[in-house]
Amino acid sequence: MAVSKLKIGVLGSGSGSNMQSIVDAIAAKMLCAEVKLVLSDVQDAKILDRAKRHGIPCQWLDCAPFKTKLEGVAEERCIQLLRDYGCDTIVLAGFMRIVKQELLNAFPNRVLNIHPALLPSFKGIAAWKQALEYGVKWAGCTVHFVDAGTDSGPIIIQRPVPVLDDDTPETLHARIQVEEHKAFPEALRLLSEGRISFIGRRVYVK
Ligand code: GRF
């Protein structure tokens, strides 16, 4: 099996626990990759502290004037930085903005996102809360390729978790995150091992 070493650029807005799971998988030699750059649209996001602790180059990316998307000057700068650092795989790890076509065109079929729900249910924000309010018995997470829509690209991996009677949004999200931290490194491993192909929306794993 021909394994190619992924050169990962991470975009995140929050605590960075998913980025941490990727860094840990690399350290444990379970994933052949290197995190080349971490960018955050939130100046004091914990993900930047985590990156610093691991000696990973990281920067705040000022995305003004937009609040919910990555477009215009910031998008151009983002693409340039990712290229400058040699990234070939872009990981959206809790990045709370819609990414637009320019970024997708710059890294075709190489932008991955993790979403805290079993897509296509509960797209958008606080998906675990939506799931709880809806009353589903199973929640979970999805790793997918990013396309022009919101949480709509071809699905690579899903991992379910049960919803318990006494769950709060916080306890359910915590249980989902345990699975996220397995799913994202696993999806990246499949990519690095060249085991993923897709026809239309359907992703096939060899
Ligand atoms: C995760 O639950 C992810 O699914 C969602 O945002 C959260 C980010 O968590 N998109 P972290 O910053 O990786 O800890």
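In this predicted model, P65 is found in the loop that runs between β3 (58–60) and β4 (69–70). The peptide bond that joins A64 to P65 is cis, with an omega of about 5°. A second cis peptide bond links L119 and P120, where omega is about 10°, and P120 belongs to the loop between β7 and α5. A further backbone feature is seen at N109, which is not a glycine and yet has a positive phi of about 55°; N109 is placed in the loop between α4 (101–106) and β7. As background to these three sites, most peptide bonds are trans, and most residues other than glycine have a negative phi.

**The ligand and its surroundings**

The residues around the ligand include G14, S15, G16, S17 and N18, and also among them are G94, I114, H115 and P116, together with H173, Q177 and E180. Sorted by class, this shell is made up of 9 polar, 2 nonpolar and 1 charged residues. For three of the residues, a side-chain N or O atom can be paired with an oxygen atom of the ligand, as the table sets out.

| Side chain | Partner in the ligand | Distance |
|---|---|---|
| S17 | oxygen atom | 2.5 Å |
| N18 | oxygen atom | 2.9 Å |
| H173 | oxygen atom | 2.9 Å |

On its own the ligand has 370 Å² of accessible area, and the protein covers 89% of that area. The elements that contribute two or more residues to the shell around the ligand are α1 (17–27), β7 (111–115) and α6 (169–192), and the largest share comes from α6, which supplies 3 residues.

**The largest pocket**

Where in the protein does the ligand sit, if one looks at the space taken by the ligand? That space is the largest pocket, whose volume is about 680 Å³. The pocket is lined by 32 residues, and of these G94, F95, M96, N113 and I114 are the closest to its centre. The elements that give two or more residues to this lining are α1, β6 (98–99), β7, α5 (127–134) and α6. By class, the lining of the largest pocket holds 14 nonpolar and 14 polar residues, along with 4 charged ones.

Read together, the two lists of elements show that α1, β7 and α6 each give two or more residues to the shell around the ligand and also to the lining of the largest pocket. G94 and I114 likewise appear among the residues around the ligand and among those closest to the centre of the pocket.

Key: Residues are numbered from 1 along each chain as its sequence is written. This is a predicted model: local features need pLDDT of at least 70, side-chain atom pairs count only at pLDDT 80 or more; totals for chains, interfaces and linings use all residues. Side-chain values use heavy atoms; hydrogens and water are left out. A residue is near a molecule or strand if one of its heavy atoms lies within 4 Å of it. A polar contact is a pair of N or O atoms within 3.5 Å; within protein, one must be able to donate a hydrogen and the other to accept it, and residues adjacent in sequence count only if both atoms are side-chain atoms. Accessible areas come from the Shrake-Rupley method with a 1.4 Å probe; for residues, only the protein chains shown count as cover. On a 1 Å grid over the protein atoms alone, a cavity is a set of points where a 1.4 Å probe fits but cannot get out, and a pocket is an open set with protein on both sides within 12 Å along at least five of seven lines; lining residues have an atom within 4 Å of a point. A molecule sits in a cavity or pocket if more than half of its atoms lie within 2 Å of its grid points. Helices (H or I, at least four residues) and strands (E, at least two) are DSSP runs, numbered from the N terminus. Ala, Val, Leu, Ile, Met, Phe, Trp, Tyr, Cys and Pro count as nonpolar, Asp, Glu, Lys and Arg as charged, and the others, Gly among them, as polar. Grid points are joined across faces, edges and corners, and a volume is the space filled by probe spheres set on the points.
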